[in-house]
Amino acid sequence: MKKSTGKHFLGNILAMALIIFLLALGLKFGLELYTRHGQSVEMPDIVHKSFEQAEAMLDSLDLNIEVSDTDFVKSLPPDCILEQSIAAGDIIKPDRVVYVKINAAHSPSRPIPDIVDNSSLRDAQNKLTSLGFKLGDPEYVPGERDWVYGLKCRGRSLFEGDMVSTEDLLTIQVGDGRRNLSEEVTYTQPTLDDTGVDDDEPRRPRPRPKKTETKEEKSGNADAHPSTPAPAPSPSPAPAAPASSN
């Protein structure tokens, strides 16, 4: 009874050891198969090739290609590869993903930042050039020196948020220092009254026309406001007595 129990226990131990060995062996070969141990390819140079050509080259080497960004170079055709994430000549494993930047069909448009009446000439130039915009010579206008008063493109005024192509030439309107911003400037527009006289010019008093009174108005004014008292009526003479008959 004890011998059979011991044999059964020993058989279990050997079975467990065999299973562990097989698992370790399978894990080793599985990892090598998954990571393609011992397999490697050389990264080709795909810069300035079309996207279709680059995709075919990488597919033949079991490599994948994905577009990560776009840019615009006027002298190169659209969909041309501008950059690759893995340098040419590097030894890599198959199934790697190669990220590329391709050339756009037209120049990109970017929004205008908040620079008008909010920055100096140098700050505005740095912000615009960092976004890829092209700048022409500044246009000087009356105002505080080196202060940005406007931005123009092809004769049109631009404002914050306007979408403009990076190939267009921008003109910054900057103050020439001829006026101090602390000075108040009031613009007035003269208005004309009904008679056509400028309200801003001093007016002369107009003479009033003399009023002509009628005879009735004169007599009425005399009764209402007598200038001299009327003379008292003189007493009438007493009637004469009748003569007696004797």
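In helix α3 of this predicted model, the residues Leu-121, Ala-124 and Leu-128 are buried. Seen down the axis of α3, these buried residues fall within an arc of 65°, so they line one face of the helix. The face of α3 turned away from that buried side carries the exposed residues Arg-122 and Ser-130. The cover over the buried residues of α3 includes the strands β7 (134–135), β9 and β12. Just after the helix comes Gly-132, which takes a positive phi of about 95°.

**The nonpolar cores**

One of the buried residues of α3, Leu-128, also appears among the residues with the most contacts inside the largest nonpolar core, a group of 14 residues in which Ile-112, Leu-151, Leu-158, Val-164, Leu-170 and Ile-172 are likewise named for their contacts. The elements that give two or more residues to this core are α3 (121–130), β9 (148–153) and β12 (169–175). Which residues does Leu-128 touch, once its neighbours within four places in sequence are left aside? Leu-128 is in contact with Pro-113, Ile-115, Phe-133, Leu-135, Leu-151, Leu-170 and Ile-172. Apart from the largest core lies another one, of 13 residues, among them Leu-63, Ile-65, Ile-92 and Ile-102.

**The chain as a whole**

The chain has four helices and twelve strands, and buried residues make up 20% of its 246 residues. Among the contacts between residues at least 6 apart in sequence, 67% join residues that are at least 24 apart. The chain exposes about 19,500 Å², and carbon and sulfur atoms supply 55% of that area. On the surface, Leu-18, Phe-21, Leu-22 and Leu-25 form a nonpolar patch, with about 400 Å² of accessible area together. Leu-25 has its place in helix α1 (residues 2–35), and with a relative accessible area of 35% this residue is partly exposed.

**Salt bridges**

Side chains of opposite charge can pair when their charged atoms come close. A search of the whole structure finds five salt bridges, including the three in this table.

| Pair | Closest N to O distance |
|---|---|
| Lys-101 and Glu-83 | 3.8 Å |
| Arg-154 and Asp-168 | 2.9 Å |
| Asp-176 and Arg-178 | 3.1 Å |

Lys-101 lies in strand β5 (residues 97–103) and Glu-83 in strand β3 (residues 81–84), so this pair ties together parts that are 18 residues apart in sequence. Lys-101 counts as buried at 18% relative accessibility, whereas Glu-83 counts as partly exposed at 45%. Arg-154 lies in the loop between β9 and β10 (156–157), and Asp-168 in the loop between β11 (163–165) and β12, so their salt bridge ties together parts that are 14 residues apart in sequence. Here Arg-154 counts as exposed at 75% relative accessibility, while Asp-168 is buried, with a relative accessible area of 15%. In the remaining pair of the table, Asp-176 counts as buried at 15% relative accessibility and Arg-178 as exposed at 71%.

**Positive phi angles in two loops**

Most residues other than glycine have a negative phi. His-48, although it is not a glycine, has a positive phi of about 70°; His-48 is found in the loop between β1 (41–42) and α2 (51–60), where it is exposed, with a relative accessible area of 54%. Asp-62, also a residue other than glycine, has a positive phi near 60°. The place of Asp-62 is in the loop between α2 and β2 (64–71), and with a relative accessible area of 40% Asp-62 is partly exposed.

Terms used. Residues numbered from 1 in each chain as written. Predicted model: local features only at pLDDT ≥ 70, side-chain atom pairs only at ≥ 80, totals over all residues. Heavy atoms only, no water. Buried < 20%, exposed > 50% of the residue type's maximum accessible area, 1.4 Å probe, protein only. Contact = heavy atoms within 4.5 Å. Areas by Shrake-Rupley, 256 points an atom, 1.4 Å probe, with all protein chains shown as cover. Patch = residues over 30% accessible without salt bridge, like charges linked within 9 Å, V, L, I, M, F, W, Y side chains within 5 Å. Salt bridge = Lys/Arg side-chain N within 4 Å of Asp/Glu carboxyl O. Core = buried A, V, L, I, M, F, W, Y, C linked by side-chain atoms within 4.5 Å. Arc of directions from axis to C-beta.
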